[in-house]
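Please look over the chains below before reading my points. I have kept the note short and explained the terms as they come up.

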Amino acid sequence: MGFLKDRYNEYGKGMSVTLNTFVQTVKPKKLGGGAATVQYPREKEAPPIRARGVIALREDNCTSCMLCARSCPDWCIYIEGHKELAPPRRAGGAPRKVNKLDRFDIDYALCMYCGICVEVCPFDALFWSPEYEYSEPRIADLLHDKTKLGEWMETVPEAPELEAGAEKKKK
Amino acid sequence: MIAVDLPYWAQSLLRVLGGTVAVLLPAGTIVYLFLFKMMSFMQSRLGPMEAGPYGSMQLFAEVGKWLQKEDIQPALADKKIFKIAPLIVLVSTFILVAVVPFGPDAYFTDFEAGVFYALAVSSVSVLGILIAGWSSANKYSLLGGLRAAGQLIAYELPMVLAVVGVVIQAGSMNMQQIVFAQNHGSIFGWDGVGNPYVLTQFVAFGVFMIAVQAELTQTPFDMPIAESELVSGYMTEYSGFRFLIFFIAEFANVGIFALIASVLFLGGWGVPFSWFGWDSMDAVDDWMNVVGPLIMIGKMLALSFLIMWVRFSYPRLREDQLQRFAWKVLIPVSLVNIMLTAILKVAF
């Protein structure tokens, strides 16, 4: 029997793998069959919750410090801002100087989804969202301005539970 | 027998039409059913799904795409021969189908030396492939053509020798006679399934199917078009319609060889004659001319499934392994098979 078993391992195993996959694919979905393929526009696969789909901007947190723009490997973040005077924190104090954001654009035609901008942001202004359906017929439309980047905030998932005692990241 | 007198031109027209259908229909069926769908299923994919229900119109889309493409020839190519080569390959398919019987009266020619003719004519495609490789003025094409020539010649021998066993047992080279002998035969007096030669000539069947796989340059034996070394072998420089002709010829040949194998080993178009009490060719009822082709298509699909299943499962052999397998394994095995068949034929 050893001889037959060796011949099976040599020639039969490969054939049985393809046949089993064939039967598995042809089997109706109800019986646990079906292909691995997802027919994209008609069926959709939910991306993993921490998928790197699109970068969302929380404008209030941004101080236009330019760290993200400077660390971006392909320079796809464009930031412009100006200084403004804000009311003092305490009555009688001097007015504060704050940075006001005029422009915050990310060019997704250039972005390579490395996520360095999200990592370096010290003020929790940038977040990953798993949303991925934002292709455009015109390549120029892939430049998302700060309004559009702000709209992505709705799709940002809740941050995962932190260890006890750690400071929670604000959304 | 059907008694209809048609003028010669009408007979010829019918034969040409029938031949075209008998070549293109299996080719289309095999490409869609096996190459598109079965291969996808074996890789847990769905295959083409957009063109028509379940992608059934995909073939027309593919043909349309190929027809639109530019007909490119390399500047140094031997233009005339370059253009003729795919046609030679396709023509060998057409003249091969001429001897395949589809029913008691549904045949193109009832040729006494049918098996001999089929085996001789099947090597015409080697010429087409060789001159395609030569005329392309491309080293990959040339190497592919030479490999194809070496392989097809090497595997023709075991194929011929395997068929000799069937011919000895049937006592005839006529394909109709071989079908008759199988369906009219009996196994030790029991004629419930006739005597399909796959049961007695199983060695020849195995050798024949392996040799067919190699003749068709399907995957375990696809050194001639090994894409990782030779781009696409002798087809490298062909585009558009000429590539389409090569492609059709490849899969039409799968169908035709499956038909020939089913005639030689699986009983062809017949059902066991004892079921209906037929005892000679003339006694076979006329409705077999309709049912016969359907049976043939069924057997062809079963055998092409086998060919394609092997194709999708195995990695390719190296050139030296491929030649060694033909000369050192298949040919001796089929020679021994011939000897045994001859001895048993005389003994019983």
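The points below go from the model itself to its domains, a helix, the chain contacts, the cores and one strand residue.

1. This is a predicted model, in which local features need pLDDT of at least 70, side-chain atom pairs count only at pLDDT 80 or more, and totals for chains, interfaces and linings use all residues. Residues are numbered from 1 along each chain as its sequence is written, while chains are lettered from A and ligands numbered from 1 in the order in which they are written.

2. Chain A is divided into domain 1 (2–31) and domain 2 (54–155), with bounds that come from an automatic or database domain assignment. The C-alpha centres of these two domains of chain A are 53 Å apart.

3. Helix α1 of chain A covers residues 2–26. Helices are DSSP runs (H or I, at least four residues) and strands likewise (E, at least two), numbered from the N terminus. The expected span of a helix is 1.5 Å times one less than its number of residues. For the 25 residues of α1(A) that gives 36 Å, and the end C-alpha atoms are 34 Å apart, which agrees. α1(A) nevertheless has a kink of about 50°, centred on G12(A); the bend at a residue is the angle between axes fitted to the seven residues ending there and the seven starting there.

4. T18(A), F22(A) and T25(A) are buried in α1(A). Buried means that 20 or more other C-beta atoms lie within 10 Å of the residue's own; exposed means 12 or fewer, and partly exposed is in between, with C-beta atoms placed from the backbone. The buried residues of α1(A) pack against α1 (8–42) and α12 (288–313) of chain B.

5. Between the chains, 12 residues of chain B are in contact with 11 residues of chain A, contact being C-beta atoms, placed from the backbone, within 7 Å. On the chain B side, α1 and α12 each supply at least two residues.

6. The largest nonpolar core has 101 residues, and F208(B), A211(B) and A261(B) have the most contacts inside it. Such a core is a set of buried Ala, Val, Leu, Ile, Met, Phe, Trp, Tyr and Cys residues joined through C-beta atoms within 7 Å. Helix α11 (residues 240–265) of chain B gives the most to this core, 16 residues.

7. Is V98(A), in strand β3 (residues 96–107) of chain A, buried or exposed? V98(A) counts as exposed because it has 12 C-beta neighbours inside 10 Å. Leaving aside neighbours within four places in sequence, V98(A) is in contact with E84(A) and A86(A).

Note on methods
Two residues are in contact if their C-beta atoms, placed from the backbone, lie within 7 Å.
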